[in-house]
Amino acid sequence: ELVVPLAVLGGMGERVLVPFQVSCGSCAACRDGRFAACHTYRAKAGAAFGFGAAGGGHGGAVADLLAVPHADHLLIAAPAALSAAALCTLPDNVTDGYRAVAPQLAAKPGAEVLVVGGAAASIGLYAVAAAIACGAGSVRYADSDTGRCEAATALGADVTQLGGPWPRRLDRAPIVVENTADVDGLACALRSTDDYGTCTSVAIHFAPTTPMPLLELYTKGITYHLSRADSRRFLPEVIDLAASGALDPLAVPTTIVPWDEADTAWLEPATKLVLERA
């Protein structure tokens, strides 16, 4: 439930989606479409709902009520055709998978996509689903986890199940999604990026310095991109893609539990957890 002006909603009961990052919509960064870099809202982990003090103290997660600043900018109408369970996957994880492949495929229509690793389990699988929905020529998925490999196969990816250390590289692709959160996995993903291709990290690397094959990146002209997903920027596109039926977020394994069981469900392994309140 959201505390927002009724003029924005158009009436009590209208469903809306809230990007997970907080932005004002009017600063220089927002006017330039860089909402995740909003100058008005700053925080240690980036201004965001559900991150506590590190996200700026904006509330969220399993809050009963959520005060949304700049609601006329942040709130996005939710299509009636999508269930609440499907909708709640979109602002964060689905958007993260989408941004790692959609702009790249727009620049290289029909290109091959390679997703490496499953550290952020749902995001890699959403990247597979988004790549297929956006017309990738083919999608490959490489991971060591049997369950995630099976899920990627069900989504339509050509899967390589790995065992042991990360290989030096996999067969190259022009669009690569790095989801390993591992130094050797990152090097593998970068070396698996084709000449003048793009590798996007969706996993977080916490090490202050990470060895990278810089000479190989240089000689092959590879672009490496890492950042948070810009939720407000890409969410409208993701909503449209899901509403069209081309992207079904619930095709990725989704565990739906009652709201009252949130405290225990959050401690159980799940590819994607959805809390449902009657």
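## Exercises on a pocket, a helix and two backbone angles

The second largest pocket holds about 270 Å³ of space. Keep in mind that this is a predicted model, where local features need pLDDT of at least 70, side-chain atom pairs count only at pLDDT 80 or more, and totals for chains, interfaces and linings use all residues. Residues are numbered from 1 along each chain as its sequence is written, and side-chain values use heavy atoms, with hydrogens and water left out.

**Exercise 1.** Work out which residues lie closest to the centre of the second largest pocket, and what kinds of residue line it.

*Solution.* Start with the term: a pocket is an open set of points on a 1 Å grid over the protein atoms alone where a 1.4 Å probe fits, with protein on both sides within 12 Å along at least five of seven lines; lining residues have an atom within 4 Å of a point. The lining has 16 residues, and the closest to the centre are Arg 99, His 225, Ser 227, Arg 233 and Phe 234. Next, sort the lining by type: five are nonpolar, six polar and five charged. Finally, look at who contributes: helix 6 (102-107), strand 9 and helix 11 (231-243) each supply at least two lining residues. Helices (H or I, at least four residues) and strands (E, at least two) are DSSP runs, numbered from the N terminus.

**Exercise 2.** Decide how covered helix 9 is, and what it packs against.

*Solution.* Count first: seven of the nine residues in helix 9 (183-191) are buried, meaning under 20% relative accessible area (exposed is over 50%, partly exposed in between, with a 1.4 Å probe and protein chains only). Those buried residues run from Gly 185, Leu 186 and Ala 187 through Cys 188 and Ala 189 to Leu 190 and Arg 191. Now for their partners: they pack against strand 5 (112-116), strand 8 (173-178), strand 9 (193-201), helix 10 (214-220) and strand 10 (223-226). Then check the start of the helix, where a side-chain oxygen of Asp 182 comes within 2.9 Å of the backbone nitrogen of Asp 184.

**Exercise 3.** Find where Ala 181 and Tyr 196 sit, and whether each is buried, partly exposed or exposed.

*Solution.* Most residues other than glycine have a negative phi. Ala 181 has a positive one, near 55°; its place is the loop between strand 8 and helix 9, and it is partly exposed at 41% relative accessible area. Tyr 196 also has a positive phi, near 60°. Tyr 196 belongs to strand 9 and is exposed, at 62%.

Notes
Contact = heavy atoms within 4.5 Å. Polar contact = N/O pair within 3.5 Å; in protein donor to acceptor, adjacent residues only side chain to side chain. Points joined across faces, edges and corners; volume = space filled by probe spheres on them. Nonpolar A, V, L, I, M, F, W, Y, C, P; charged D, E, K, R; others polar.
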